[in-house]
Structures are given as C-alpha cells and as structure tokens.
Amino acid sequence: MLSRLQKHWLALVLAVTIGVVCIAPYVYVAMQPQYQGVMMMGQDAEEHYVARTNELYDGHGATGNTYLPFKDEPYLIPPLGEIIVGVFGITFFLTAAQATVAAKFLFPALAFLCLYAIGYLCTHARAVGLLGATLAMLGNDLMSYPRNILPLLRGTSAQDGIYWARPVNPEVSGTVLFFALLILAHVLQKKTMYVWQMIALTLLFGLSIYISPYTWSFMGILLLLILGWTLWQKNYPLAKRVFAVGGLGALIGTPFVSNYLAATHAPGYAAAALHQGVLASHQPVIGLWVILLIAIPFIWAPKHLQPAKTLFVLSGVGLLVLLNQQVLTGVYLQPGHYHWYITKPLVGLLLGWWLMTACNLFVPKKYVPSLLAGAIIVFLLYGAVLAQVSFYHKHAPSTLAAQAYAPLLTYLRTQGHQVVYANEDIATYVPVHTNSDAPTNEYANMYLAPVGYFDELSVVQKDASKASILQLHKLGITLVVVDTKYDEWRIPTLPLKTTIAGRFAVYQVPAFEQPL
C-alpha cells in the first residue's frame, strides 16, 4: 500500500487540490467576520439540494415534499444522493449545510481518483491518467467555449464557478458513475468479471436509479451494449455475468418503479412533471461531442487502447440512444444532464488519453509529453481557481447580506415544524436551516400537492393584505414572516407573535375556529 501511495502521490495531490478548489469559496466566506452560519449558495439549484438533504435530519428522507406539509406523497426526485450526504453529515455531527460544504471536497476528490484510475488501468501511464482525469473534471467550459481561453490569459474568468462543486449531481452521481466505469474498464480489459465486481456493479447500477435517472439510464444502456458486445465476441461466461448484473440491478430498482407509478397517478402529477422539465416531444438530438466520442476511437486507436476504444464507442452509442429515445417514446428528458455530467467528462478522458498517446508515439523527445500534460493540467487548475474566484465575488455579497436572517432562522428552529409564509428570499433559507416548510420557495411547485394548491397560493401572493385566515388554513400555513425592511405587504387580521432583531415580524395563524 505504501509503495502504491508513493507511486501515485501526484494523483492524490491533484485530487486534494481539486477538492480544495471546489470548497474554497464556501470556507472563505465562512471566515468573514459578518458570517453567522447562513450558507453561501450559488451553484445551479444548490438551495434545492441542501433543503432536500435537510429533510433527512427532519425524518423525511424520502423527500416526498421538501417545501410543503405533504410529506407522504410519492417522491418525484430520487433521494439517495441527498441521503448519502445527510448520513455523512449526521455521522460527523454536521448540519445539512455543513455536510453539503464538506461534500464539495470529498466527492470531487474521489471522482478524480476514479477517473485517474481508469486512465492508469487502460494506459499504464500516470501522466495520461492525470491529464485525462483533469480534462474530464475541469475542461468542461473550455471544451464548450474555446473563446473563454482569452479571459483566462488576462487573469479573469467567464465561468461562474466549476460544476463539480454542485451538490449531489454531479458530486455524488458522478462519483458513483466513474467508480462503475472503473470496474467496467477492468472487465473489458481482462475479458472477465470477478464475483466482487459483479456485486459492486449490481449495487452501483441498482442503487443509481435512486440518485439520478440519467446516471442509471446510462449505466443500463452501457451494460446492455456490453452484453451485446460480449455475445458477439462469443465470450459467453462474461455475457452471463453482465446479464446477471443488469437483471439483479433492475430488481433493486423495482421499488423506484412502484413509487413512480404511484406518483403518475397522483392528482397533481401533471403540473409537477411540467416543472420538473418532463416534456412531450419526438424531436431528435444529435450532439457533436457524442459523435466525436464514437468517431475518434474508430479513426485511430493503438492496440494497447483497444479496451478503451470499446468503452468509449459503446458509451457514445449508448448516449446517442438515450439522447434520442424520445423519438419513439415521446418523453423528452433534459439532455443537459447527459451532456454536462456524462458526455463531456468522457470526451475529456478521451482527448487526454489520445493526445498523450499521439505525443508518445510521434514526439521523439520523451520528456515533451509529460511537460505538455503538466502545462495543460496547471492551466486547467488556474482556470478553475479563477472560476471559483469569480463565483465568490458574484455570490459573497448576497451571502453576507443574508446573514441578517440568522436570528430569524435561529428563532424558527425553536418553534418545531411550521409552514412559513414569507417572501421568496426568506423562503430560500427556511428549508435549508430549519425544519419548517416554505410554500413560497421557487422549487415548491416541483412536488406533488393537492390540485389547486398553487392557484390558491398565487391568489394570496398577488395581494397578501387581503388574505383570509381560511385561505391560509387551506394552504396549511401556520406562521407568516414579514421583513419590515423590504416587504410592503402585511396581513392585518393576524396577531403579532414576536419581532426578531427589530426587523422580522412573525405572525401566528390562529386556529380557524378561534375568535380573534
């Protein structure tokens, strides 16, 4: 073990470095004197993921509804990723917000090590593994927008953070996927599957449906294509084991299917599915990067990269099928989740490996490829640091301003479970830092609710001053919080319960039959 650590020490250093880069803005803002524990959030849907993780702390790990008091509804978003982060936090006595921040270090570092291991396994070259893994994790922006190299040369970044700091997807889902790909790369190279690999792949595939349907569907189609490949190669022992992995993994996903069917029959499903991004379309999608993922290995692949060629080509074919399944099914899923979190990391691996292989074959001086790999890695790290600096400068002002909510959130934590009506900014932080619900949160309509619930809520939001106690009761609201500094609305019929920090007026919604 010590010799392996000594041999691969640079991979460990890079993994830790990427983890530090991901977590740095969150740690730095927490070191500011104004900081009072209200978490920085700026990654796409970050406040949604943290609120879902916090549901585990409240005893609602299935996240049937994160923002409304209908906790027993079937879930529409797989909850296992948030449960993993939450269990990690509970184990180490961290809040949901703290666990989410700590995960920004842990999971990107693990994902990098998995990617590096795939590269080293397929090429037996450390520099190739390092470059491929770094391109896979940090090359996303430059692969899509090569013009963004120019701002980097001027010491600025056009990128608002790096997406590997995004909670759950891709932090958890990506780590699970790359670990599975590491095992599959070994299987394709050795043309056999050991029992421990069968068990691991079965669990990874089966449980991935509870983390991300995109990760699960990609793993499923890849296993199916590998099954076809092994049958074509007449490797029947391996084919049997791949079939067993797929079959047993599918059985693990049976409760998810049952939950999904229950959700589709719920009265509020159609509206919630629309907000989830599930649309009806038969329009095909052809991605340039997917085509390159298939074409480059076909055009040129040295003998020692044949197992890698098989992995990349089958992955590309699988992605092409998934991106166009709506042509037959009519159910259009968000292609971005495949593009950002699967296609482009795979293309990053491919470009890194093939570039280094070409250099090793055609450049006479053997130290040049390593220098080239080092230069690219340093430049990508430099770009990632600048992107995180840009992220900090963009989101730190609003985060520090949100520290004013700390006394209110502390008070709400003493009140047990409440359903809080407040402006959207307060409603962003209430589910993250307390065990209360917030119907006015922007993500609330992504969950199942009684038919007409959000119509009734919009009536109250349109003119809260005219809201009746009966309307509030229909919505399940128990507390109303008014930010007297910015909110212009009031609900005059409600009794004032308390005022927090001289700014937040908290009103109790009395029982409807109780006279005022």
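**Burial, bonds and backbone turns**

Visitor: Why is Cys-359 called buried?
Guide: This is a predicted model, and in it Cys-359 has a relative accessible area of 10%. Buried means under 20%, so Cys-359 counts as buried.

Visitor: How do you know whether Cys-359 is bonded to another cysteine?
Guide: Look at the sulfurs. The closest cysteine sulfur, in Cys-122, is 19 Å from that of Cys-359. A disulfide needs the two sulfur atoms within 2.5 Å, so this pair is too far apart for a bond.

Visitor: How many disulfides turn up in the whole structure?
Guide: Zero, after a search of the whole structure. Cys-114 is in no disulfide either: its nearest cysteine sulfur, again that of Cys-122, is 13 Å away. Set that against the 2.5 Å cut-off. Cys-114 is buried too, because its relative accessible area is 11% and the limit is under 20%.

Visitor: What makes Thr-343 a buried residue?
Guide: Its relative accessible area is 2%, and buried means under 20%, so Thr-343 qualifies. Thr-343 sits in helix H18, residues 336-362. Leaving out residues up to four places away in sequence, Thr-343 touches Trp-289, Val-290, Leu-319 and Tyr-338.

Visitor: Why is Lys-191 called exposed?
Guide: Exposed means over 50% relative accessible area; Lys-191 has 57%, so it is exposed. Lys-191 lies in the loop between H9 and helix H10 (195-208).

Visitor: And what makes Ala-501 count as exposed?
Guide: Ala-501 has 57% relative accessibility and the cut-off is over 50%, so Ala-501 counts as exposed. You'll find Ala-501 in the loop between strand E5 (496-500) and strand E6 (504-508).

Visitor: What is unusual about the backbone in these loops?
Guide: Most residues other than glycine have a negative phi, and most peptide bonds are trans. Lys-191, not a glycine, has a positive phi of about 60 degrees. Ala-501, not a glycine either, has a positive phi of about 55 degrees. Then there's a cis peptide bond joining Asn-169 and Pro-170, with omega about 20 degrees. Pro-170 is in the loop between helix H8 (149-153) and helix H9 (171-190).

Visitor: How do you know whether the chain as a whole agrees with a compact globule?
Guide: For 516 residues, a compact globule would have a radius of gyration near 24 Å; the chain has 25 Å, so the two agree. Buried residues make up 55% of the 516. The chain has 23 helices and six strands.

Methods:
Residues are numbered from 1 along each chain as its sequence is written. This is a predicted model: local features need pLDDT of at least 70, side-chain atom pairs count only at pLDDT 80 or more; totals for chains, interfaces and linings use all residues. Side-chain values use heavy atoms; hydrogens and water are left out. Helices (H or I, at least four residues) and strands (E, at least two) are DSSP runs, numbered from the N terminus. The radius of gyration is taken over C-alpha atoms; the globule rule is 2.2 Å times the number of residues to the power 0.38. Buried means under 20% relative accessible area, exposed over 50%, partly exposed in between (1.4 Å probe, protein chains only). Contact means heavy atoms within 4.5 Å.
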